[in-house]
Amino acid sequence: MKKSIKLSALLATLLLTGNAFAANEGYANNQSGSPVVKNGYGECWRLPTTYDKARDGLVECGDREAAKPAPAPAPAPKPAPAPVVVAPKPQIVIKTVSLSAEGLFGFNSAQIVAGNQQLEALVSSLKADKLLKSVAVEGHTDYLGSDKYNQALSQKRADAVKDYFVAAGVPADKVTAVGKGESEAKLTAECTAKKFKKRADLIACLASDRRFDVTVETAKEVQQ
């Protein structure tokens with residue numbers, strides 16, 4: 001009777017062992033193949049085997065580490081901030097151009113003579129200036145003649161230059177004209193001291209006093 005019990009137990013062990021290798025090699029399994037048979041302490045029933053439990057064993061039995069979760073994907077790089085574009089800041093520029101009345105007007109005349117290259121060059125630059133603020137025309141004469149006459153002549157000539165600019169396309173609201181007469185004549189003392197015998201020589205000496213000062217206020221863009 002005892003021999004029959006031992007044979008039955010041995011047969012059961014062999015059947016259990018066969019199932020273990022079929023389902024979880026190296027462990028005693030139920031016939032269903034899962035779960036692994038464990039003792040009263042919750043330990044897996046390991047069977048003798050040559051297979052690598054550290055590599056192929058069961059995690060629940062403590063023979064192999066659980067697979068580590070895949071690392072989270074690196075966050076997408078943040079787009080580079082758009083470059084800050086600083087608009088050029090306009091800087092006020094004031095310049096004065098002196099034009100001789102010689103070749104522009106006849107002596108004692110306020111009629112502009114056509115074809116003056118200096119005047120044409122100035123007109124072209126004013127028309128092309130998109131940042132033009134203002135144009136101030138000042139007419140000047142020499143000391144010859146009365147103050148009243150020189151004042152009137154300088155004003156007429158200044159007005160003639162202004163009208164010329166406007167007719168060429170310079171905005172009328174940006175152009176002003178004023179006559180200074182002989183108030184800013186610079187060569188009076190120098191030329192009278194020479195005591196010219198001929199009036200023509202004195203007139204020639206005073207030529208630089210018969211002029212126009214054109215003050216242009218504009219702007220240029222300066223990158224910050």
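Which residues does V161 touch, leaving out those up to four places away in sequence? Let's start there, and keep in mind that this is a predicted model. The answer is L104, F105, I112, L119, V137 and F212.

So that's our way into the middle of things. V161 is one of the residues with the most contacts inside the largest nonpolar core, which has 21 residues. F105, L126, V135, V137, F165 and F212 are also on that list. Where do they come from? Helix α3 (117–128), strand β2 (134–140), helix α4 (147–168) and strand β4 (211–222) each supply at least two residues of the core. As general background, in soluble globular proteins nonpolar side chains tend to be buried together.

There's another core too, lying apart from that one. This other core has 7 residues, and L202, I203, C205 and L206 are among them. Hold on to C205, please; we'll come back to that cysteine.

Now, two names from the V161 list deserve a closer look: F105 and F212. The structure holds 1 aromatic pair, and these two form it. Their rings sit 5.2 Å apart, centre to centre, with 40 degrees between the planes, and that arrangement is tilted. In sequence they are 107 residues apart: F105 is in the loop between β1 (89–100) and α3, while F212 is in strand β4. Buried or exposed, this F105? F105 counts as buried because its relative accessibility is 6%. F212 is buried as well, with a relative accessible area of 2%.

On to the strands. β2 runs parallel to β3 (residues 175–179), and the two pair over 5 bridges. V137, which we met as a contact of V161, stands opposite A177 in β3. To get from β2 to β3 the chain passes through α4, and this β-α-β crossover is right-handed.

While we're on α4, have a look at S154, which is found in that helix. At 1% relative accessibility, S154 counts as buried. Setting aside residues up to four places away in sequence, S154 touches G139, H140, T141, G179, K180 and G181.

Back to C205, as promised. What does C205 join to in a disulfide? The partner is C191, and the S to S distance is 2.0 Å. The count for the structure comes to 1 disulfide. Why call this disulfide left-handed? The torsion about the S-S bond is about -85 degrees, so the disulfide is left-handed. C191 is in helix α5 (residues 188–192) and C205 is in helix α6 (residues 199–205), with their positions 14 residues apart in sequence. Both C191 and C205 are buried.

Between those two helices, in the loop from α5 to α6, you'll find K195. What is the phi of K195? K195 has a positive phi, about 50 degrees, although it is not a glycine. K195 is also exposed, with a relative accessible area of 69%.

Last stop: S208, in the loop between α6 and β4. S208 is exposed, at a relative accessible area of 52%. S208 and S100 are 108 residues apart in sequence, yet their C-alpha atoms are 6.6 Å apart in space.

That's the tour. If you keep one thread from it, follow V161 to F105 and F212, and then on to the tilted aromatic pair that those two form.

Methods
Residues are numbered from 1 along each chain as its sequence is written. This is a predicted model: local features need pLDDT of at least 70, side-chain atom pairs count only at pLDDT 80 or more; totals for chains, interfaces and linings use all residues. Side-chain values use heavy atoms; hydrogens and water are left out. A nonpolar core is a set of buried Ala, Val, Leu, Ile, Met, Phe, Trp, Tyr and Cys residues joined through side-chain atoms within 4.5 Å. Buried means under 20% relative accessible area, exposed over 50%, partly exposed in between (1.4 Å probe, protein chains only). Helices (H or I, at least four residues) and strands (E, at least two) are DSSP runs, numbered from the N terminus. Contact means heavy atoms within 4.5 Å. Two strands pair if DSSP finds at least two bridges between them. A crossover is right-handed if, with the strands pointing away from the viewer, the path from the first strand over the helix to the second runs clockwise. Rings of Phe, Tyr and Trp (its six-membered ring) pair if their centres lie within 6.5 Å; planes under 30 degrees apart count as stacked, over 60 as edge-to-face and the rest as tilted. A disulfide is a pair of cysteine sulfur atoms within 2.5 Å.
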